[in-house]
Amino acid sequence: MIKNYGLKFDIQKPEDYIFGANLPMEEINPSGDWSEFLPVKEFQNLNNIETYACVTFTILNCIEILIKKQYGIEKNYSERFLAAISGTKEGGNSPQTVAEFLRKIGVVPQELWPFDVEINTFEKFYSSVSPKLYELAKEFNNEWEFKHEYVPTNHEAISKALKCSPLLISVPAWFERDGKYYRPEGFTDNHATTMIKERKEEFSRVFDSYDSPHIKDIEWGVLPMVIKRFYIKKKDIQEKKVWWLEIFINLFLFLKDIFSSIIRTIWRY
């Protein structure tokens, strides 16, 4: 029997964005190869715990890769936090749900809510998140503008989308033959993973959160059942706030000096 590594399928709604409807068609990486921007490898089944959090690991991998490519910044966000607040549990979660929780609530750095050797049970992984962490998670949305959309499940759309971001794709995990992974007849995808490269007519390459090897090549004919692309841009709101605050303070001090001078003049007469 095929295992469930944590992917649930969304029921797409009319308001859900499809490729090109919501995000700029900016080719951030014209080669479509994200291999040199990979984040630190993290396992969703660390300590032999099945967290069912492949969707969360994949989305954060995509975001961390995009940030590294665009800004040269190494980020490591907490999968444990995002999985918990988005309602991931046994059976997993859907890409739309997790992405929307990230967009609306944010996420904290890995060091604030880590998944390490001390988190050795399913219950510890999904332990209650403190209100303080929810407050700290807002810093993600203060710093970044984050968006996401579905991509049609055909090679042409995948190739275009892969130039804009690494992709969340669904796969049947994991069946191997001749060094590549495939979908047995009749199987439904059960796992989300990060697509980072393709070689036309040969393979799609993924950076995976599960079993070793973490780099896997999927047979070209295996089209995902669901695909998401992502967009992230650094905000300059904080800089603007500081700039306006500085103007306000200087204006206040200027007016204060004028007002004081007028009062002193009136007082003398």
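This briefing covers a helix and its buried side, a strand with two partners, a buried serine, and two residues with positive phi. The model is predicted. Helix α5 spans residues 131-143, and its buried residues pack against three helices and two strands, named below. One of those strands, β8, is largely enclosed by the rest of the structure, because 6 of its 8 residues are buried.

**Helix α5**

- L133, A137, F140 and N141 are the buried residues named in helix α5.
- These residues lie on the same side of α5, because they cover an arc of only 105° around the axis.
- P131 and K132, on the other side of α5, are exposed.
- The helices against which the buried residues of α5 pack are α1 (54-71), α2 (79-85) and α3 (95-105).
- The strands packed against the buried residues of α5 are β1 (144-150) and β8 (227-234).

**Strand β8 and its partners**

- Strand β8 has 8 residues, of which 6 are buried, so the rest of the structure largely encloses it.
- Strands β1 and β8 are antiparallel and pair over 7 bridges.
- Across from K233 in β8 stands E145.
- Strand β2, made up of residues 167-171, also runs antiparallel to β8, and 2 bridges join them.
- Across from K228 in β8 stands L168.

**Serine S159**

- S159 belongs to helix α6, which covers residues 155-162.
- S159 counts as buried because its relative accessibility is 12%, and the cut-off for buried is under 20%.
- The side chain of S159 makes a polar contact of 2.4 Å with the side chain of E198.
- Leaving aside residues up to four places away in sequence, S159 touches E198 and K200.
- E198 is thus named twice for S159: as a residue it touches and as its partner in the polar contact.

**Positive phi before α1**

- N47 is not a glycine, yet has a positive phi of about 60°.
- N47 sits in the segment before α1.
- With a relative accessibility of 27%, N47 counts as partly exposed, because that class lies between the buried limit of 20% and the exposed limit of 50%.
- Y52, also a residue other than glycine, has a positive phi near 60°.
- The location of Y52 is the segment before α1.

Key. Residues are numbered from 1 along each chain as its sequence is written. This is a predicted model: local features need pLDDT of at least 70, side-chain atom pairs count only at pLDDT 80 or more; totals for chains, interfaces and linings use all residues. Side-chain values use heavy atoms; hydrogens and water are left out. Helices (H or I, at least four residues) and strands (E, at least two) are DSSP runs, numbered from the N terminus. Buried means under 20% relative accessible area, exposed over 50%, partly exposed in between (1.4 Å probe, protein chains only). A polar contact is a pair of N or O atoms within 3.5 Å; within protein, one must be able to donate a hydrogen and the other to accept it, and residues adjacent in sequence count only if both atoms are side-chain atoms. Contact means heavy atoms within 4.5 Å. The arc is that of the directions from the helix axis to the C-beta atoms. Two strands pair if DSSP finds at least two bridges between them.
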